[in-house]
Amino acid sequence: MSTKPGYHRAVVAFGSNLGDRVAHIENAIASMRAAGLQICKLSRLYETKPMYYDKQDSFLNGVAVIDTLLPPLELLGVLQRIEDEQGRIRNIDKGPRTLDLDIILYGREQIDHERLKVPHPLMLEREFVLRPLSDVLYATHRFPVHKSSGHDALAPITSVKGALEELRDPDDTMRDVVVLSPKHPFISSNDPHQSTLIMSILNITPDSFSDGGKLSPSDVDNIVATAKSHIASGATILDIGGQSTRPNATMLSVEQELRRVVPALRAMRTIPEVARGDIAISLDTFYSDVARACIAEGLVDIVNDISAGQLDPKMLATVAELRKTIVLMHMRGTPQTMAGMTDYGRKGVVQKVASELTHRIDAALEAGIPPWRIILDPGIGFAKNEQQNLTLLRAGTDGITGQFPSYLSGYPWLVGTSRKGFIGKITEVANAGERVWGTAACATAAIAGGARILRVHDVEEMSKGAKMADALYRARKDKNKDNKKKGEDHVIGEEDNNQDDKKEVAANVIDKEHDMITPTAASQLDRLSEEKLLASLKRQLRKQERQIKRLEEKHLDGRKRQNRDSDGQEDHTSHHDSELSATELPVKRRYQRAKPSSRAARKKSIERKRDNQKHEGHATLRLKDERMETQALEQMERPGIQPRLERDGTSSQAVSDKNKRIEDGEGEIIRDQQAHPKQDDPVQISDLAPPPQR
């Protein structure tokens with residue numbers, strides 16, 4: 001995402017802790033657009049505890065990357081005007097405020113003006129700035145920052161990642177949030193203490209696969225009674241649908257769907273819990289006109305679109321314009337064609353679902369829906385067969401997020417398995433209304449895998465099961481949080497080793513001027529990280545296999561040599577005593593005449609001794625003159641020649657020319673000054689070296 005000619009790219013931090021915090025922030029973003037500031041990317045929204053002045057409510061914080069034609073001071077003036085429009089009162093320094101807008105970066109410029117200092121002097125100590133900044137900038141984006149003490153000086157250049165690692169007091173309470181309704185508590189993707197939310201299914205249809213015909217738009221009292229029962233049983237979201245999306249269902253028109261859902265929605269708004277904002281209302285539709293009509297009347301908080309905006313191109317823009325939350329569910333085709341679109345290829349269903357959902361997130365963000373108004377759904381039962389449904393549940397939504405963590409993290413997941421056909425097939429329960437136990441098992445697996453919302457028919461049973469699953473799995477994840485932090489430094493080190501390769505691969509999709517990461521780049525970086533990790537593990541495995549093979553071969557050679565030496569030693573001792581040194585022979589045998597041996601046996605013995613000496617690490621060989629030995633071997637079988645024994649037991653057979661000089665491997669010159677004895681001359685004792693003194 002490159003900057004247009006003449007434009008400057010800046011990063012503006014926003015925050016609020018008074019009144020309707022989400023409304024103040026979204027109003028500010030709308031005002032920035034109206035002022036000609038182009039919003040390039042928004043971070044997630046984070047709820048954080050206050051800094052500097054503790055006696056105030058928690059803040060909502062985030063950052064926006066913008067392109068502007070305005071110079072820094074004029075941009076500051078526009079932002080301050082927007083603050084004033086939202087009721088900003090500057091009476092307490094760093095105190096409560098309806099809206100706070102700060103320029104923290106302006107390209108790569110360093111600004112030191114009495115009204116404006118950029119980069120922001122205090123950003124290094126503010127996690128509520130750095131954490132959102134890491135959502136929109138490349139992790140290694142480097143910038144100079146003012147020291148918090150002495151604003152006139154600049155600290156060394158740092159990176160977003162480096163600044164986060166050097167935080168002195170990280171905020172453990174900081175969490176990303178997603179909005180359900182103006183008064184409903186936020187839902188977070190990373191808060192282990194937050195209970196799983198139950199979304200109850202209220203189908204105003206005659207042909208739904210499970211509860212079709214139970215609720216009719218003409219019987220409003222029954223709809224209200226059912227909704228109250230679900231709320232009492234633990235539902236916090238009511239999902240109303242007027243069109244069946246079961247396989248091969250007949251599609252209704254916009255008018256037909258409106259005639260079904262509007263009376264039901266109006267009736268539900270009379271329920272006290274709904275009127276107070278304790279319960280959020282969701283509309284199950286893929287028609288933008290249905291969504292617009294219901295939202296305009298103030299009946300709906302959430303749009304639950306099974307196609308994630310694919311069946312109606314206007315849906316995403318409509319939701320963005322009306323500032324509502326949307327559920328982006330994974331599906332292929334339509335309810336009429338999805339059953340034949342279950343081929344996910346070599347990569348498999350988990351990675352393909354993750355990949356295809358990233359494209360729908362891209363479309364939603366581009367349409368103007370902020371990250372804090374997006375919920376994801378893997379679409380169990382939609383364009384998936386039985387095994388694919390089970391694979392997704394085994395992987396869990398955490399496993400799906402793990403395919404592209406830098407892009408899918410921060411979004412809560414909704415999972416709906418209630419009474420679906422694959423459960424009936426596995427449990428052999430034909431009646432959909434009786435698939436409670438199978439649904440409970442799937443719901444537990446979904447919570448264990450990271451789901452934050454369960455969409456169910458049997459509210460009371462699933463609500464109790466969710467409480468038990470939360471006690472088992474939410475508490476366990478919270479307990480393991482410290483263990484993950486202990487390994488954080490090691491993980492960061494591994495990531496550092498791959499940063500250069502990641503940056504090179506993603507060069508074509510990363511804004512080189514501003515290091516702003518694009519959605520496509522995020523996906524590529526995640527894939528690259530996995531591929532490099534796998535390649536590294538394979539290389540290490542091959543290296544270890546080679547080392548093991550060499551050690552085995554070395555060990556086997558040593559055993560063979562040891563066996564060969566022991567066998568040869570026994571045979572040589574009994575038949576060739578002449579090859580033993582004088583010190584190794586008994587005294588009475590030292591002066592015995594050496595028995596002649598064959599040339600091959602003698603040569604083999606010499607080579608075996610040489611190998612043994614090398615194996616034991618001797619620096620020099622016991623044989624002083626290998627060349628002399630070789631010549632002696634060549635003459636051993638000639639008539640009239642008998643070997644003599646030297647002190648070390650080796651042959652000292654002289655060459656024919658007694659004055660010939662022979663130079664050994666160490667440069668030593670040896671003369672043979674003795675004449676060769678004749679064959680029938682006995683070996684004299686004087687010809688042998690005397691025994692050592694005892």
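**Exercise 1. Describe how strand β1 pairs with β5, and state whether β5 is buried or exposed.**

Step 1. Strand β1 (residues 8–16) and β5 run antiparallel and are joined by six bridges. This is a predicted model.

Step 2. Within this pair, V11 stands opposite L105 in β5.

Step 3. Strand β5 covers residues 100–106, and six of its seven residues are buried, so the strand is largely enclosed by the rest of the structure.

**Exercise 2. Give the strand order of the open sheet of eight strands, and find which strands stand at its edges.**

Step 1. The order is β16-β15-β14-β13-β12-β11-β18-β17, with parallel pairing.

Step 2. The edges are β16 (374–377) and β17 (414–415); each has a single partner strand, so one side of each is left without a neighbour in the sheet.

Step 3. Take one pair inside the order: β11 (residues 197–203) and β12 (residues 237–241) pair in the parallel sense over five bridges. Here M199 stands opposite I237 in β12.

**Exercise 3. Locate H330, decide whether H330 is buried or exposed, and list the polar contacts of its side chain.**

Step 1. H330 is found in the loop between β15 (325–329) and α10 (348–367).

Step 2. The relative accessibility of H330 is 3%. The cut-off for buried is under 20%, so H330 counts as buried.

Step 3. The H330 side chain makes a polar contact with the side chain of E356 at 2.6 Å, and another with the side chain of K384 at 2.7 Å.

Step 4. Beyond four places in sequence, the residues in contact with H330 also include I306, Y344, V353, L357 and F382.

**Exercise 4. Do the same for D301: where is D301, is D301 buried or exposed, and which side chain makes a polar contact with the side chain of D301?**

Step 1. D301 lies in the loop between α8 (288–296) and β14 (302–305).

Step 2. With a relative accessible area of 7%, D301 is buried.

Step 3. The side chain of R269 makes a polar contact with that of D301, at 3.4 Å.

Step 4. Leaving out residues up to four places away in sequence, D301 touches L180, S181, P182, R269, I279, A280, I281, K324 and T325.

**Exercise 5. State how many residues the largest nonpolar core has, and follow the contacts of I240.**

Step 1. The largest nonpolar core has 81 residues. L238, I240, L265 and L328 have the most contacts inside it.

Step 2. Outside its neighbours within four places in sequence, I240 is in contact with residues including L202, I204, V261, L265, M268 and I281.

Step 3. Apart from the largest core lies another, of 31 residues, with A28, L75, I82 and V118 among them.

Step 4. In soluble globular proteins, nonpolar side chains tend to be buried together.

**Exercise 6. Find which stretches of the chain have a pLDDT below or under 50, and how the chain scores on average.**

Step 1. The average pLDDT of the chain is 78, and 69% of the residues score at least 70.

Step 2. Residues 484–522 have a pLDDT below 50; the model gives this stretch 68 contacts beyond near neighbours in sequence.

Step 3. Over residues 637–694 pLDDT stays under 50, with 98 contacts beyond four places in sequence.

Step 4. Where pLDDT is low, the predicted coordinates should not be read in detail.

**Exercise 7. Summarise the chain: how many helices and strands does the chain have, and what percentage of its residues count as buried?**

Step 1. The chain has 20 helices and 22 strands.

Step 2. Of its 694 residues, 49% count as buried.

Step 3. The chain exposes about 34800 Å², of which carbon and sulfur atoms supply 50%.

How values were computed: Residues are numbered from 1 along each chain as its sequence is written. This is a predicted model: local features need pLDDT of at least 70, side-chain atom pairs count only at pLDDT 80 or more; totals for chains, interfaces and linings use all residues. Side-chain values use heavy atoms; hydrogens and water are left out. Helices (H or I, at least four residues) and strands (E, at least two) are DSSP runs, numbered from the N terminus. Buried means under 20% relative accessible area, exposed over 50%, partly exposed in between (1.4 Å probe, protein chains only). A polar contact is a pair of N or O atoms within 3.5 Å; within protein, one must be able to donate a hydrogen and the other to accept it, and residues adjacent in sequence count only if both atoms are side-chain atoms. Contact means heavy atoms within 4.5 Å. A nonpolar core is a set of buried Ala, Val, Leu, Ile, Met, Phe, Trp, Tyr and Cys residues joined through side-chain atoms within 4.5 Å. pLDDT is the predictor's confidence in each residue, from 0 to 100. Accessible areas come from the Shrake-Rupley method with a 1.4 Å probe; for residues, only the protein chains shown count as cover. Two strands pair if DSSP finds at least two bridges between them.
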